[in-house]
Amino acid sequence: MSEISIIELHYLNNPNIIDIRSLYDYSKGHIDGAINIPYYNLLNNYSHYLSKYSLYYIYCDFGEQSREISKRLNCFGYNTINIIGGYQEYKKFLKKN
């Protein structure tokens with residue numbers, strides 16, 4: 001399975017980032033440019049949200065749920081990459097920079 005660090009993500013030009021946390025958590029803070037598609041919405045209706053011709057970077061709070069859903073979506077023919085450490089890793093990155 002493909003994964004990317006927050007630092008590597010930072011250097012990408014206009015990536016498609018999906019936050020799979022709840023809308024409440026997303027509204028409290030999220031990675032810049034991310035859209036919110038809560039975990040179960042994405043899992044139950046992925047063909048509505050995703051195209052098999054695009055690449056998506058997915059994260060959750062700590063990187064565990066996003067790793068699971070990314071693996072599953074890739075099996076369905078979608079191109080997804082898990083963001084290692086999720087939003088918590090992003091917050092650490094912000095503090096350092």
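Modeller: Two strands pair if DSSP finds at least two bridges between them. Helices (H or I, at least four residues) and strands (E, at least two residues) are DSSP runs, numbered from the N terminus. What you see above is a predicted model, where local features need pLDDT of at least 70, side-chain atom pairs count only at pLDDT 80 or more, and totals for chains, interfaces and linings use all residues. Residues are numbered from 1 along each chain as its sequence is written, and side-chain values use heavy atoms, with hydrogens and water left out.

Colleague: Okay, let's start broad. In what order do the elements of the protein chain run from the N terminus on?

Modeller: Take stock of the parts before reading along the chain: there are six helices and five strands. Starting at the N terminus, the order of elements is β-α-β-α-β-α-α-β-α-β-α.

Colleague: How compact is the protein chain, going by its radius of gyration?

Modeller: The C-alpha trace spans about 35 × 25 × 20 Å along its principal axes. For the radius of gyration we use C-alpha atoms, and the globule rule is 2.2 Å times the number of residues to the power 0.38. That rule gives 13 Å for 97 residues and the chain comes out close to it, so it is as compact as a globular protein of that length, with a radius of gyration of 12 Å.

Colleague: What share of the 97 residues is made up of buried residues?

Modeller: A residue is buried under 20% relative accessible area, exposed over 50% and partly exposed in between, using a 1.4 Å probe and protein chains only. Going by that, the buried share of the 97 residues in the chain is 40%.

Colleague: Now the sheet. Which are its edge strands?

Modeller: The five strands form an open sheet with parallel pairing, in the order β1-β5-β4-β2-β3. An edge strand pairs on one side only, and that picks out β1 and β3.

Colleague: Which residue in β5 is the bridge partner of Ile4?

Modeller: Ile4 belongs to strand β1, residues 3-4. β1 runs parallel to strand β5, residues 79-83, and two bridges join them. Across that pairing, the β5 partner of Ile4 is Ile83.

Colleague: And is Ile4 buried or exposed?

Modeller: Compare its accessibility with the cut-off we just used. Ile4 has 9% relative accessibility, so it counts as buried.

Colleague: How far apart in space are Ile4 and Ser22, C-alpha to C-alpha?

Modeller: Along the sequence, Ile4 and Ser22 are 18 residues apart. In space, going from C-alpha to C-alpha, their separation is 22 Å.

Colleague: Let's move to β2. Which residue in β4 does Ile17 stand opposite?

Modeller: Strand β2 covers residues 16-19 and strand β4 covers residues 55-59; they run parallel, joined by four bridges. In this pairing, the β4 residue opposite Ile17 is Tyr57.

Colleague: Which residue does Ile18 stand opposite in β3?

Modeller: β2 also pairs with strand β3, residues 35-36, in the parallel sense over two bridges. There, the residue facing Ile18 is Ile35.

Colleague: Last one: which residue other than glycine has a positive phi near 55°?

Modeller: Look in the loop between α1 and β2, where this residue is found. At a relative accessible area of 70%, it is exposed. The residue with that positive phi is Asn14.
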